[in-house]
Amino acid sequence: MRGVCDQLRADLAECLKKSDCMRVHGHSGNECLSQYRDTLPLECQQAYRGFVECKRSLWDMRKRFRGIPGAEYSTSSTVFGALDKRWSDK
């Protein structure tokens with residue numbers, strides 16, 4: 001089963017691999033995020049923030065009922081999409 005935040009994690013890992021922190025200085029991804037986060041490119045900092053927010057939203061009870069923003073659910077694209085279309089026609 002795929003996790004909701006897996007794509008964000010993959011994007012973060014890819015960004016870290018391309019950063020100077022890992023390529024030039026030879027630090028691990030964990031070291032780059034914990035000790036050298038301020039030196040990472042803005043793209044990696046934003047990817048990290050998005051991943052953290054996604055993981056945090058999994059524990060937020062309010063979002064469990066509303067759903068995680070940006071996540072794709074099979075029911076929303078089929079059942080709710082048909083209902084939205086039906087109501088928008090009126």
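These are my notebook entries on the disulfides, one serine contact and a surface patch in this predicted model.

**Entry 1: disulfide count and pattern**

I started with the cysteines. How many disulfides does the structure hold? I found three. Counting the bonded cysteines along the protein chain, I get the pattern 1-6, 2-5, 3-4. I then went through the pairs one by one.

**Entry 2: Cys-5 and Cys-54**

I looked up the sulfur atoms of Cys-5 and Cys-54, and they sit 2.0 Å apart, forming a disulfide. This pair links distant parts of the chain, 49 residues apart: Cys-5 is in the segment before helix 1 (6-18), while Cys-54 is in helix 4. Which hand does the bond have? I read a torsion of about -90° about the S-S bond of Cys-5 and Cys-54, so I logged the disulfide as left-handed.

Next I checked accessibility. Cys-5 comes out at 5% relative accessibility, so I put it down as buried. Cys-54 is at 7%, so it counts as buried too; the cut-off I need here is under 20%.

**Entry 3: Cys-15 and Cys-44**

Cys-15 and Cys-44 form another disulfide, with 2.0 Å between their sulfur atoms. Where do the two ends lie? I found Cys-15 in helix 1 and Cys-44 in helix 4, 29 residues apart, so to speak distant parts of the chain that the pair links. The torsion about the S-S bond of Cys-15 and Cys-44 is about -100°, so this disulfide is left-handed.

Are the two cysteines buried or exposed? Cys-15 has 8% relative accessibility and therefore counts as buried. Cys-44 has 0%, so I noted it as buried as well.

**Entry 4: Cys-21 and Cys-32**

I took the pair Cys-21 and Cys-32 last. A disulfide joins them, S to S 2.1 Å. Cys-21 lies in helix 2 (residues 20-23) and Cys-32 in helix 3 (residues 29-34), so the bond ties together parts that are eleven residues apart in sequence. I read a torsion of about -105° about the S-S bond of Cys-21 and Cys-32, which means the disulfide is left-handed.

For accessibility, I have Cys-21 as buried because its relative accessible area is 7%. Cys-32 is at 0% relative accessibility, so it is buried.

**Entry 5: Ser-57**

Back to helix 4 (residues 42-59), where I looked up Ser-57. What does the side chain of Ser-57 approach? A polar atom of that side chain lies 2.7 Å from the backbone oxygen of Cys-54. I had already met Cys-54 as the disulfide partner of Cys-5. Ser-57 shows 5% relative accessibility, so I list it as buried.

**Entry 6: the nonpolar patch**

I then turned to the surface. Which residues make the nonpolar surface patch? I have Val-4, Leu-58 and Trp-59, with an area of about 330 Å². Trp-59 is placed in helix 4. Its relative accessibility is 70%, so Trp-59 counts as exposed.

**Entry 7: Asp-11 and Phe-51**

My last lookup was Asp-11, which lies in helix 1. At 38% relative accessibility, Asp-11 is partly exposed because the value falls between the 20% and 50% limits. How far apart are Asp-11 and Phe-51 in space? I get 9.0 Å, C-alpha to C-alpha, with their positions 40 residues apart in sequence.

Technical notes: Residues numbered from 1 in each chain as written. Predicted model: local features only at pLDDT ≥ 70, side-chain atom pairs only at ≥ 80, totals over all residues. Heavy atoms only, no water. Helix = DSSP H or I, 4+ residues; strand = E, 2+ residues; numbered from the N terminus. Buried < 20%, exposed > 50% of the residue type's maximum accessible area, 1.4 Å probe, protein only. Polar contact = N/O pair within 3.5 Å; in protein donor to acceptor, adjacent residues only side chain to side chain. Disulfide = S-S within 2.5 Å. Patch = residues over 30% accessible without salt bridge, like charges linked within 9 Å, V, L, I, M, F, W, Y side chains within 5 Å. Areas by Shrake-Rupley, 256 points an atom, 1.4 Å probe, with all protein chains shown as cover. Salt bridge = Lys/Arg side-chain N within 4 Å of Asp/Glu carboxyl O.
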